[in-house]
Amino acid sequence: MTASVLECIGNTPLIRLKKASEETGCEIYGKAEFMNPGQSVKDRAGLFIIRDAERRGLLEPGGIVVEGTAGNTGIGLTVVAKALGYRTVIVIPETQSQEKKDALRVLGAELIEVPAVPYRNPNNYVKVSGRLAEQLAASSPHGAVWANQFDNVANREGHVATTAEEIWAQTGGKVDGFVAAVGTGGTLAGTAIGLKAKNADIKIALADPLGAALYSYYTTGEMKSEGSSITEGIGQGRITANLDGFTPDFAYQVPDAEALPIVFDLVQQEGLCLGGSSGINIAGAIRLARELGPGHTIVTVLCDYGTRYQSKLFNPEFLRSKDLPFPAWMEGTSTIAV
Ligand code: PMP
């Protein structure tokens, strides 16, 4: 029994990834973040950001939490906000999956869709949300606060306090590496800080999709990106406050063509239906396993559930339009006669 949905956030299981483990001779585990109430890793950030705003006296009953998000943070914030008596106003780039937008509407978020433009553009979704928060703070009877997930370190503090502690306890301290992609950097930097505080020898790796600039930054010092990815919620082009002071031990650039077959195999062979960023993470874990050699234990993050991307990641027409490979079963019709 729990007092509310808030107690259901975190304490997610570590699931052994069979094929990845067998192929590398390592033990590779995925932290099942899709089992959070909002079905993603971002419930943790939502909880910690709202609790932090409350502690600072920035939220009163009926107050509004405003955020710019690829979707999952909006979902996490809205789950938490509804449980605590707040409203959410969510600004989302229109390119994000319909399923995430639908989930936000079902949960009762007030959704504002904006064109997807780069961060340097003043009409970027993050900047629109910041301006909107200021306006609503002045005009709403119960005020408003900007969650500001990218530069609000309450986000990564949540991972220091929970994700890292849980991984340490679940592995009994027998963890050699941790790998994750970066959206805000909260998951990667927060978990890294927490794990390194336990054992400074734990290796931390960034798994970067194409189109992101951090792989280039951490390997050459130059913030440069090329290519693109159909994954959502990850791919960063600047050092956010959540990444500040953090450097990974290894950085990998993972193309979609390497990550997606992992996602497709996991559904069919291990019963795990995951979003695209989980594929980037697992591909990164496999690379770190090869780097460290057999016998090591590596943990990564299963960020969200695959049905959130049914119209894209599991849609042959969409994948074909992006020149991405997909397995025959995805197009197949039933072989059972009725
Ligand atoms: N995967 C998905 C699907 C996400 O929505 C996010 C968050 N934007 C991430 C990974 C990355 O998490 P973080 O913001 O903690 O870097």
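# Two domains and a shared ligand shell

The domain assignment splits the protein into domain 1 (5–35 + 163–325) and domain 2 (41–146). The model is predicted. A ligand is surrounded by 21 residues, and each of the two domains supplies at least three residues to this shell. The points below take the domains, the ligand shell, an open sheet and one helix pair in turn.

**Domains**

- Over C-alpha atoms, the centres of domain 1 and domain 2 lie 25 Å apart.
- Contact between them involves 22 residues of domain 1 and 16 residues of domain 2.
- The side of domain 1 that touches domain 2 comprises 10 polar, 6 nonpolar and 6 charged residues.

**Ligand shell**

- Of the 21 residues around the ligand, the closest are Gly-183, Thr-187, Gly-233, Ser-277 and Cys-303.
- Two elements, α3 (72–84) and α7 (186–198), each give two or more residues to the shell.
- Helix α7 provides the largest share, with 3 residues.
- Sorted by class, the shell holds 11 polar, 7 nonpolar and 3 charged residues.
- Domain 1 (5–35 + 163–325) and domain 2 (41–146) each contribute at least three residues to the shell.

**Open sheet**

- An open sheet is built from 6 strands, ordered β1-β2-β10-β7-β8-β9.
- Its pairing is mixed.
- The edge strands are β1 (14–16) and β9 (250–254).
- Each edge strand has a single partner, so one side of each is left without a neighbour in the sheet.
- From one strand to the next, the twist averages 25 degrees.
- Strand β8 (residues 203–209) pairs with β9 in the parallel sense, over 5 bridges.
- Within this pair, Leu-206 has Ala-251 of β9 as its bridge partner.

**Helix pair α2 and α6**

- Helix α2 (residues 42–55) and helix α6 (residues 154–170) have axes that come within 8 Å.
- These axes cross at roughly 115 degrees.
- The crossing of α2 past α6 is right-handed.
- On the α2 side, the contact is made by Arg-44, Ala-45, Leu-47, Phe-48, Ile-49 and Asp-52.
- On the α6 side, the contact is made by Ala-154, Asn-155, Glu-157, Gly-158, His-159, Thr-162 and Thr-163.
- By class, this contact has 5 nonpolar, 5 polar and 3 charged residues.

Note on methods
Residues numbered from 1 in each chain as written. Predicted model: local features only at pLDDT ≥ 70, side-chain atom pairs only at ≥ 80, totals over all residues. Domains from an automatic or database assignment. Contact = placed C-beta atoms within 7 Å. Nonpolar A, V, L, I, M, F, W, Y, C, P; charged D, E, K, R; others polar. Pairing = 2+ DSSP bridges. Helix = DSSP H or I, 4+ residues; strand = E, 2+ residues; numbered from the N terminus. Axes fitted to C-alpha atoms, helices over the stretch in contact; angles between N-to-C directions. Near = placed C-beta within 6 Å. Left-handed = near helix turned anticlockwise from the far one by under 90°.
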